[in-house]
Amino acid sequence: MSTQSNTARKVQEKMSFNTLLIEEKGNVGIITFNRPNAQNALSNELTQELGIALEQNENNPHIRVTIITGGEKVFAAGADIKEMADKNYPQAYQEDFITRTWEKISQCRKPIIAAVSGYALGGGCEIAMMCDFIIASDSAKFGQPEVTIGTIPGAGGTQRLTRFIGKSKAMEMCLTGRVIDAQEAERSGLVSRVVPQAKFAEEVLNVAQKISTFSQPSVFMIKESVNRAYETTLSEGIRFERRLFQSTFATNDQKEGMAAFVAKRQPNFKDN
């Protein structure tokens, strides 16, 4: 293991968190929300610590994929209402409330998987949608119930949810606060798959470890290209994808991957 990797590990080990549990399994970093007495409500401290933990994973060459998860019964029940209840508009605006501490997930280059078991409501659903994809246990439930407390989603609930599941279902969920189960979430395109609770943690880790074995430049390009699909027209998106595809032919990993395929052996990617 390189000196740089050892240094990154030592830095991570020294950092202690009050609201998160941090773990490494192989090349996978696991971040677990840890506010069980508050149903993993997304407090300012938690979201700040989440940003720090994600930055550590981004800077740690040993970590190639991150999993964000919560408890078996609650992924995250939303933003911390007690913290926000007394805010006024000037405070929320000047603090850049939510944007300042929540958006780190969407800025990471390394893949992030949301592993959702139990309730992912309000901000919990929005945090999950910020990740690159969601794997749900069969106990997972998703919802945007902000309307029931006199406000609206503020971390992408009206925007990402609509892009994932379409206007009609997103509008209904946001206007009524209706919670959907894992099976409906999968049918609607919100989650990539549903896994039985008994095999949930193992399967999510297997998926993350599989991604971690591939060429990192290719993984970065795939993530960037898929995300571009939501930001541009089809013709521009195809053009963007085509240029990235062509650029892989300048990498040694493309040569190694295709040579390994022809030779019927496992590739040995070097990330260059």
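This text walks through a predicted model, from its strands and sheets to a few single residues.

A good place to begin is strand β5, which covers residues 112-116. Five of the five residues of β5 are buried, so the strand is largely enclosed by the rest of the structure. The side chains of a strand point to two sides, and here both faces are covered. On one side are Ile112, Ala114 and Val116, on the other Ile113 and Ala115, and all of them are buried.

Which strands pair with β5? One partner is strand β3, residues 65-69, which pairs with β5 in the parallel sense over four bridges. Within that pairing, threonine 66 stands opposite isoleucine 112 of β5. Another partner is strand β7, residues 133-137, and this pairing is also parallel, over four bridges. There, valine 116 has alanine 136 in β7 as its bridge partner.

The next part to look at is an open sheet of four strands. Their order is β4-β6-β8-β9, and the pairing is mixed. The edges of this sheet are β4 (74-76) and β9 (180-181), each of which pairs on one side only. β4 pairs with strand β6, residues 119-121, in the parallel sense over two bridges. In this pairing, valine 74 has tyrosine 119 in β6 as its bridge partner. Helix α7, residues 123-130, packs on the sheet and touches β4, β6 and β8 (141-143). The direction of α7 makes about 95° with that of β6.

Alanine 128 is a residue of helix α7. Is alanine 128 buried or exposed? Its relative accessibility is 0%, so alanine 128 counts as buried. Leaving out residues up to four places away in sequence, alanine 128 touches Phe75, Ala114, Val116 and Ile134. Two of these contacts, Ala114 and Val116, lead back to β5, where both residues are on one side of the strand. Alanine 128 and alanine 114 are 14 residues apart in sequence, while their C-alpha atoms are 5.3 Å apart in space.

Phe75, another residue touched by alanine 128, leads to the aromatic rings. A search of the whole structure finds four aromatic pairs. In one of them, the rings of phenylalanine 33 and phenylalanine 75 have centres 5.3 Å apart and planes at 65°, so the pair is edge-to-face. Phenylalanine 33 lies in strand β2 (residues 28-33) and phenylalanine 75 in strand β4, so the pair links distant parts of the chain, 42 residues apart. Both residues count as buried because their relative accessibility is 3% for phenylalanine 33 and 0% for phenylalanine 75.

Phenylalanine 164 and tyrosine 230 form another edge-to-face pair, with 6.3 Å from centre to centre and 85° between the planes. Phenylalanine 164 is in helix α8 (residues 160-165) and tyrosine 230 is in the loop between α12 and α13 (234-247), so the pair ties together parts that are 66 residues apart in sequence. Here the residues are partly exposed: phenylalanine 164 has a relative accessibility of 25%, and tyrosine 230 has a relative accessible area of 41%.

Another loop, between α11 (200-212) and α12 (216-228), holds serine 215. With a relative accessibility of 3%, serine 215 counts as buried. Which residues does serine 215 contact, apart from its neighbours within four places in sequence? They are Arg64, Asp253, Phe269 and Asp271. With aspartate 253 there is also a polar contact of 2.6 Å, which joins the two side chains.

The last topic is the cysteines. A disulfide is a covalent bond between the sulfur atoms of two cysteines. How many disulfides does a search of the whole structure find? The search finds zero. Cysteine 125 and cysteine 174 show why: the closest cysteine sulfur to that of cysteine 125 is in cysteine 174, at 8.6 Å, which is too far for a bond. A disulfide needs the two sulfur atoms within 2.5 Å. Seen from cysteine 174, the closest cysteine sulfur is the one in cysteine 125. Both cysteines are buried, cysteine 125 at 0% relative accessibility and cysteine 174 with a relative accessible area of 13%.

Methods. Residues are numbered from 1 along each chain as its sequence is written. This is a predicted model: local features need pLDDT of at least 70, side-chain atom pairs count only at pLDDT 80 or more; totals for chains, interfaces and linings use all residues. Side-chain values use heavy atoms; hydrogens and water are left out. Buried means under 20% relative accessible area, exposed over 50%, partly exposed in between (1.4 Å probe, protein chains only). A polar contact is a pair of N or O atoms within 3.5 Å; within protein, one must be able to donate a hydrogen and the other to accept it, and residues adjacent in sequence count only if both atoms are side-chain atoms. Contact means heavy atoms within 4.5 Å. Two strands pair if DSSP finds at least two bridges between them. Axes are lines fitted to C-alpha atoms, for helices over the stretch in contact, and angles run from 0 to 180 degrees between N-to-C directions. Rings of Phe, Tyr and Trp (its six-membered ring) pair if their centres lie within 6.5 Å; planes under 30 degrees apart count as stacked, over 60 as edge-to-face and the rest as tilted.
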